[in-house]
Amino acid sequence: MTDSQQHGAEPHDGADCPVVLTAQIVSGKWTLLVLRDLASGAKRFTELERSLSGISPRTLSQRLRVLEAEGIISRHAYCETPPRVEYSLTAKGMALLPIVDAMRIWGEEWGSVSDESAGETPSAPPQPVVA
């Protein structure tokens with residue numbers, strides 16, 4: 001019996017696996033940080049650019065377009081001079097926030113593993129999440 005069968009998981013080719021589909025959306029460089037920043041509310045392009053030090057305007061623009069196409073964020077352009085555009089999370093994007101928060105918690109706990117805890121193994125294997 002394979003490990004995935006033992007834990008009740010069916011083998012997947014990846015195409016229809018919910019974990020793979022979610023990972024494909026959030027794995028783009030900067031994506032999780034954009035989600036983190038938009039979690040507190042709508043932001044303008046320049047606010048995001050300042051918060052994400054090191055990101056180029058071109059890369060930020062590409063990430064925002066991809067997230068908008070995926071239905072994760074919405075773009076609202078105001079008819080004023082100078083033009084103003086704000087980005088915010090959609091309901092679909094808000095649903096990703098628990099994942100971002102779980103990653104933050106994991107990073108705080110395990111992100112800088114000390115030599116003492118590096119070799120530790122849990123006393124019992126983690127139980128699979130049943131969806």
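Here a visitor asks how the terms used for this model are justified, and a guide answers.

Visitor: What kind of model is this, and how are residues numbered?
Guide: The model is predicted: local features need pLDDT of at least 70, side-chain atom pairs count only at pLDDT 80 or more, and totals for chains, interfaces and linings use all residues. Residues are numbered from 1 along each chain as its sequence is written, and side-chain values use heavy atoms, with hydrogens and water left out.

Visitor: What makes β2 and β3 a pair?
Guide: Strands are DSSP runs of E, at least two residues, and helices are runs of H or I, at least four, numbered from the N terminus. Two strands pair if DSSP finds at least two bridges between them. Strand β2 (residues 73-78) and strand β3 (residues 84-89) have 6 bridges, in the antiparallel sense. Ile73 has Leu89 of β3 as its bridge partner. His76 has Glu86 of β3. A hairpin of 5 residues joins β2 to β3.

Visitor: Why do β1 and β2 count as the edges of the sheet?
Guide: The open sheet has 3 strands in the order β1-β3-β2, with antiparallel pairing. β1 (43-44) and β2 each have a single partner strand, so one side of each has no neighbour in the sheet.

Visitor: How do you know that the span of α5 is close to the expected one?
Guide: The expected span is 1.5 Å times one less than the number of residues. Helix α5 (residues 57-69) has 13 residues, and 18 Å is expected. From first C-alpha to last, α5 reaches 18 Å. The two values agree closely.

Visitor: What puts the buried residues of α5 on the same side?
Guide: Buried means under 20% relative accessible area, exposed over 50%, and partly exposed in between, with a 1.4 Å probe and protein chains only. In α5 the buried residues are Leu60, Arg63, Leu64 and Leu67. They cover an arc of only 100° around the axis, so they share one side of α5. That arc is taken from the directions from the helix axis to the C-beta atoms. An α-helix has 3.6 residues a turn, so residues three or four places apart point the same way. Arg58, Arg65 and Ala69 are exposed, on the face turned away from the buried side.

Visitor: Which elements do the buried residues of α5 pack against?
Guide: They pack against α3 (31-38), α4 (45-51), β2 and β3. Contact means heavy atoms within 4.5 Å.

Visitor: Why is Leu35 called buried?
Guide: Leu35 is in helix α3. Its relative accessible area is 0%, so Leu35 is buried. Not counting residues up to four places away in sequence, Leu35 touches Val26, Ile72, Leu89, Leu96, Leu97 and Val100.

Visitor: What makes Asp37 buried too?
Guide: Asp37 also sits in α3. Its relative accessibility is 9%, so Asp37 counts as buried.

Visitor: Why are α3 and α7 called roughly perpendicular?
Guide: Axes are lines fitted to C-alpha atoms, for helices over the stretch in contact, and angles run from 0 to 180 degrees between N-to-C directions. Under 35 degrees is roughly parallel, over 145 roughly antiparallel, 65 to 115 roughly perpendicular, and the rest oblique. α3 and helix α7 (residues 97-110) pack at about 110°, with axes 10 Å apart. They are therefore roughly perpendicular. Leu32, Leu35 and Arg36 of α3 meet Leu97, Val100 and Met103 of α7.
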